[in-house]
Amino acid sequence: MIKLLKIEFKKILTYKIFWILVGLYFIFLAAGILMAEFMINNMVDNMNSHLPIPLPHVTIYFFPWIWQNIAFFATIRYVLIFPAIVIIILITNEFTFKTIRQNVINGMSKAEFLTSKLLLILLISIIMTIFLTLAILILGFSNTADLSLEMVLEKSSFVIGFFITILSFQILALFFGFLLRNTGLAIALFTLYVFIVEPILYYFLKSPIVFKNGISTYLPVNSVLRVTEYPAIQVLKQVMGINLQDSVGLLTSVIPLIYSAVMIGIVYWVLMKRDL
Amino acid sequence: METILSINNISKRYGKIQAVTGLSLEVQSGQVFGILGPNGSGKTTTLSIILELIKANTGSFKWFGEEPSKESRKRIGSVIESPNFFPYLSPVINLKIVADIKDLGYDDIDRVLELTGLYGRRNSRFKTFSFGMKQRLAIASALLGHPDVLILDEPTNGLDPQGIAQIRELILSIATEGTTIILASHLLDEVQKICSHVAVLDRGKKLFDGKVSEVLAISDSFELSSRDIEALKKIAAQHPAYQSQVPDNGNILVYFKDVVKAEELNQFFYQNGIILSHLSERKRTLEQHFLELLDDNK
């Protein structure tokens, strides 16, 4: 395990594109987190121009709601796509440069090769989760007036939700990378699927005439994004009377993990069967 | 003598193309074993099978008398087709990755870089290398950690004459240290200069294998001419060791099955009433023999 991670580190340590994309991801993530409140209030202002009784401005950086608020904004498609593309590039590069062949020739098994990529994904997910937790703690402590330990930790389950989301989204990217093998094709089809194909499928499957039980929420990307849902901003909850997510549910967390296990299984099977 | 590699009746088909047909081979410890064949004869497919990059449809092979595994591959240094490295990493980091996979330390890296003349460029990115340098890095990577077996697929491909000479010298010096070498090449000259044993492949089939020196011992041909060329042709065909003849610039070129001496031949024609105006021995090269083997297979 340590040996495989050591090898992965060497592969990325001086790879500029990797660090540029990781840097962009952090910038987008930080910007997303810091701009979220401003954007929501901008929306509220717009709504207020049509409403007789104006809505108050919201704040999102206070305990305990900050956990959910930030976990949600950190896992929207536009932000998640960055680590996913990084994973696709790292995997398809191995096929483009035929380094997977060379690794196998030199004495790495195909299973070890897959394991090394999964370890990298796991490590990236852990690092991102730590980063997010730190950001939440810093923002939360500096924006919450009355603090109690209970309040700080109440909604911290959303950190686990964030971890599951980012992990399973990268595994979806790994799936595209290993099956398509070509960088451009894999990025194009992955992006197309995430932003266009699945939203269209979602729309059609949502129709109650076809499926009464909302099968659309079990689509791969949707099930991943549903782990940390739209935050229950109290104001919106009161005004619109909609019922929003309160905590990370067990079932919604397990579904993306099942998808991940199935996709890893398929990748393993294909890798074993295909010639290099 | 230890058997390093034994290949037993392997076949591989890509759709309609039969790349390898019932190939069996044995490579013994210390041999420099050449796999010779034109492009598309199944050399690289065979090497890819024994390195477990592709699966054979039928047949089996053993490394060091054991079932192949990743552990046996760690004892083999290989250069297959193109040099495969990360273009954005330096040779040193690329070689460290190889060393990690093979469970080796990093202390051999400087030696192989010096041996292949790349030490001065050890920290440049791989993509800044010329093709010849890339090929030399592939060889350096194969030499890392003194492997028991070296597999080289067209190792001098794309190198300049000086580079070719250096690499051949390097291969020969490694061979004298006792390392077993398996070398695939379409260059007869290369096999002739480097190898102790050779297997000739054509369209996936083994046509011939044995010691290179035995292949070279096969009889020679003679250029002959006389005033009466038609009579010469007839008499030549009556020689007990006669094999075939072809016209050659006003002369005829006669092939013999066995070793024939010039004075013996001269006497034979004289006794049969032919006065030769030209008699010259032509050593048959491996190349001619190879082309003949290929012709026989058609």
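The legends below describe close-up views of a predicted model with chains A and B.

**View 1. Overall make-up of chain B in the predicted model.**
Chain B contains 11 helices and 13 strands, and its C-alpha trace spans about 75 × 45 × 40 Å along the principal axes. Of its 298 residues, 52% count as buried. Among the contacts in chain B with a separation of 6 or more, 67% are made by residues 24 or more positions apart.

**View 2. The interface of chain B and chain A.**
On the side of chain B, 30 residues are in contact with 26 residues of chain A, and the two chains bury about 2800 Å² between them, with 54% of this area on carbon and sulfur atoms. Within chain B, the residues that lose the most area to chain A are B:Leu53, B:Asn84 and B:Ile101, which together account for 25% of what that side buries.

**View 3. Polar and charged pairs across the interface of chain B and chain A.**
The interface holds 13 residue pairs in polar contact, counting pairs with both residues at pLDDT 80 or more, and five salt bridges are found across it. In one salt bridge between the chains, A:Asp275 is paired with B:Lys12, and the closest N and O atoms are 3.0 Å apart. The elements giving two or more residues to the side of chain B that touches chain A are helix 2 (70-74) and helix 3 (91-101) of chain B, and the largest share of that side, six residues, comes from helix 3. By residue class, this side of chain B divides into 14 nonpolar, four polar and 12 charged residues. A network of salt bridges links A:Lys3 with B:Glu71, B:Lys74 and B:Asp103.

**View 4. Nonpolar cores and the surroundings of A:Phe178.**
The largest nonpolar core comprises 115 residues, of which A:Phe178, A:Phe190, B:Trp63, B:Ile151 and B:Ile182 touch the most other members. Helix 8 (residues 157-180) of chain A supplies the largest share of this core, 14 residues. When neighbours within four places in sequence are left aside, the residues in contact with A:Phe178 include A:Ile91, A:Phe95, A:Phe113 and A:Leu114, together with the charged residues A:Lys117 and A:Arg274. A second, separate core has 39 residues, among them B:Leu36, B:Leu159, B:Val191 and B:Ile194.

**View 5. Two salt bridges that link distant parts of chain B.**
The side chains of B:Lys43 and B:Glu154 meet in a salt bridge at 3.8 Å, N to O. This pair joins helix 1 (residues 43-50), which holds B:Lys43, to the loop between strand 6 (149-153) and helix 6 (161-176), which holds B:Glu154, the two residues being 111 residues apart. B:Lys43 is buried, with a relative accessible area of 5%, and B:Glu154 also counts as buried, at 11% relative accessibility. In the other salt bridge, B:Arg73 pairs with B:Glu52, with 3.2 Å between the closest N and O atoms. Here B:Arg73 lies in helix 2 and B:Glu52 in the loop between helix 1 and strand 4 (58-63), 21 residues apart. B:Arg73 counts as buried at 5% relative accessibility, whereas B:Glu52 is partly exposed, with a relative accessible area of 26%.

**View 6. A salt bridge within helix 9 of chain B.**
B:Lys233 and B:Glu230 form a salt bridge in which the closest N and O atoms are 3.7 Å apart. Because these two residues are three residues apart in helix 9 (residues 229-237), they are separated by about one helical turn. B:Lys233 counts as partly exposed at 28% relative accessibility, and B:Glu230 is likewise partly exposed, with a relative accessible area of 48%.

Conventions
Residues are numbered from 1 along each chain as its sequence is written. Chains are lettered from A and ligands numbered from 1 in the order in which they are written. This is a predicted model: local features need pLDDT of at least 70, side-chain atom pairs count only at pLDDT 80 or more; totals for chains, interfaces and linings use all residues. Side-chain values use heavy atoms; hydrogens and water are left out. Contact means heavy atoms within 4.5 Å. Buried area is the accessible area (1.4 Å probe) that two parts lose on being put together, summed over both. A salt bridge is a side-chain nitrogen of Lys or Arg within 4 Å of a carboxyl oxygen of Asp or Glu. A polar contact is a pair of N or O atoms within 3.5 Å; within protein, one must be able to donate a hydrogen and the other to accept it, and residues adjacent in sequence count only if both atoms are side-chain atoms. Helices (H or I, at least four residues) and strands (E, at least two) are DSSP runs, numbered from the N terminus. A nonpolar core is a set of buried Ala, Val, Leu, Ile, Met, Phe, Trp, Tyr and Cys residues joined through side-chain atoms within 4.5 Å. Buried means under 20% relative accessible area, exposed over 50%, partly exposed in between (1.4 Å probe, protein chains only).
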